[in-house]
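Colleague: Hey, could you walk me through this one? Please keep it simple.

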Amino acid sequence: MAADGLDVMENDKQQQQQQQGEEGGKEQQDVSPDMLIKHPLQNTWTLWFFKQEGNRTWEECQMEIASFNTVEDFWALYNHIEPASRLKLGCDYSMFKQGIKPMWEDEHNCRGGRWLINLNKQQRASELDNFWLEVLLLMIGEAFDEHSDEVCGAVVNVRSKGDKIGVWTADAKKSESILKTGHILKERLNIPRHVSIGFQAHTDTMAKSGSTAKNKFTV
Ligand code: MGP
C-alpha cells in the first residue's frame, strides 16, 4: 500500500471514532443487539506491506499494517487499501496468522513451503485481485478443512516479470495436508485442470540462485 493508502486508513479511523462518539449519545434501544455483534473469525490475522526502501534490509522493509479477527474488520481493512494490482512494482502484501512474520526465518515457516501461483502479465488486470481476495477468504474462512491449521499465511508479489501469489504452509513434509490444500486452492481459484501449480519448500527457495526452486508437489 502506498503512503496515500495509509493516510486514507488513518482518516477513516478518525471518522469512525468521531461517528462512534456521536452515536454514543443517541438512544441505543432502536438498534437490534444482533446488529452490534461482529462475526468472529477463528484466528486473528495480520496484514503486512513490503516496499524496498533505501539501503534497509529486506526484513526491515516488511511493515505491519493492521490485525483483525472479525469478518467486518476484515472488509473494513480490505476496502480501504489499494488492490494488489495497483501496488507499485516490487511491492508485496502478506497476510499471516497473528504472531507469524511473513518470512522464511519465522519458526512457524522455517520447515514449511508454499503453493505458488505464477501469473502472466495480462493476468494482473484480469485475475490478480480476484485470486488474492479468494485466497484471503479461503484463509480467514478456514476453508482448508482440517488442514487449515497448517496454513500460515499468503503473499502476493507484484513484479514486472509476472506477479505471484504464494500460500505458505507450516511443514513441507506433511504431504497429505499440502496436497489437499493445493487441490482446494486450485478448485476455488478455478485454475483449469491442464494448468499445474507447484509447491516448494522454503529451504529450496532460499537456496536457489536465479533459477526457480524445484517443486516438491504439483497439482
Ligand atoms: P521475492 O520477493 O520472494 O521474489 O524474493 P522476487 O522479487 O520475485 O525474486 P525471485 O528471486 O523470486 O525471482 C526476492 C528476494 O527477497 C529474495 O531473493 C531474498 O533476498 C528476499 N526475501 C524474500 N523472502 C520471502 C525472504 C524471506 O522470507 N526472508 C529473507 N531474509 N529474505 C527474503
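Modeller: Sure, one term to begin with: a residue is buried at under 20% relative accessible area, exposed at over 50%, and partly exposed in between, using a 1.4 Å probe and protein chains only. Also, this is a predicted model, where local features need pLDDT of at least 70, side-chain atom pairs count only at pLDDT 80 or more, and totals for chains, interfaces and linings use all residues. Residues are numbered from 1 along each chain as its sequence is written, and side-chain values use heavy atoms, with hydrogens and water left out.

Colleague: Okay, so is K51 buried or exposed?

Modeller: K51 has a relative accessible area of 28%, so it counts as partly exposed.

Colleague: And what does K51 form a salt bridge with?

Modeller: With E53: their closest N and O atoms are 3.9 Å apart. A salt bridge here is a side-chain nitrogen of Lys or Arg within 4 Å of a carboxyl oxygen of Asp or Glu. E53 is partly exposed because its relative accessibility is 36%.

Colleague: Which residues are linked in a network with K51?

Modeller: E53 and R56, through salt bridges.

Colleague: Why do such pairs form at all?

Modeller: Side chains of opposite charge can pair when their charged atoms come close.

Colleague: How many salt bridges are there in the whole structure?

Modeller: A search finds 10. One of them joins R188 and E134, with the closest N and O atoms 3.1 Å apart. That pair links distant parts of the chain, 54 residues apart: R188 sits in helix 5 (residues 175–188) and E134 in helix 4 (residues 123–140). Helices (H or I, at least four residues) and strands (E, at least two) are DSSP runs, numbered from the N terminus.

Colleague: Are R188 and E134 buried or exposed?

Modeller: In between: R188 is partly exposed at 38%, and E134 is partly exposed at 22%.

Colleague: What about R159, what's its salt-bridge partner?

Modeller: D92, with the closest N and O atoms 2.9 Å apart. This pair also bridges distant parts of the chain: R159 is in the loop between strand 5 (151–157) and strand 6 (164–169), while D92 is in strand 3 (residues 92–97), 67 residues away. R159 and D92 are both buried.

Colleague: Switching topic: what surrounds the ligand?

Modeller: R159 turns up again, along with W58, E59, M103, W104, E105, K161, K164 and K208. To be listed there, a residue needs a heavy atom within 4 Å of the ligand. By class, that shell has 3 nonpolar, no polar and 6 charged residues.

Colleague: Which side chains put an N or O atom by a ligand oxygen?

Modeller: R159 is one, at 2.7 Å from an oxygen atom of the ligand. A polar side-chain atom of K208 lies 3.0 Å from a ligand oxygen, and for W58 the distance is 3.3 Å. As for cover, the ligand taken alone exposes 620 Å², and the protein buries 66% of that.

Colleague: Last topic, the strands. How does strand 1 pair up?

Modeller: Strand 1 (residues 40–50) runs antiparallel to strand 2 (residues 62–70), with 7 bridges joining them. Two strands pair if DSSP finds at least two bridges between them. F50, for example, has Q62 in strand 2 as its bridge partner. Strand 1 is also antiparallel to strand 3, over 6 bridges, and W45 is partnered by K97 in strand 3.

Colleague: Is strand 3 mostly covered or open?

Modeller: Covered: 6 of its 6 residues are buried. Strand 3 also pairs with strand 5, antiparallel over 5 bridges, and the bridge partner of Y93 in strand 5 is V156.

Methods: A polar contact is a pair of N or O atoms within 3.5 Å; within protein, one must be able to donate a hydrogen and the other to accept it, and residues adjacent in sequence count only if both atoms are side-chain atoms. Accessible areas come from the Shrake-Rupley method with a 1.4 Å probe; for residues, only the protein chains shown count as cover. Ala, Val, Leu, Ile, Met, Phe, Trp, Tyr, Cys and Pro count as nonpolar, Asp, Glu, Lys and Arg as charged, and the others, Gly among them, as polar.
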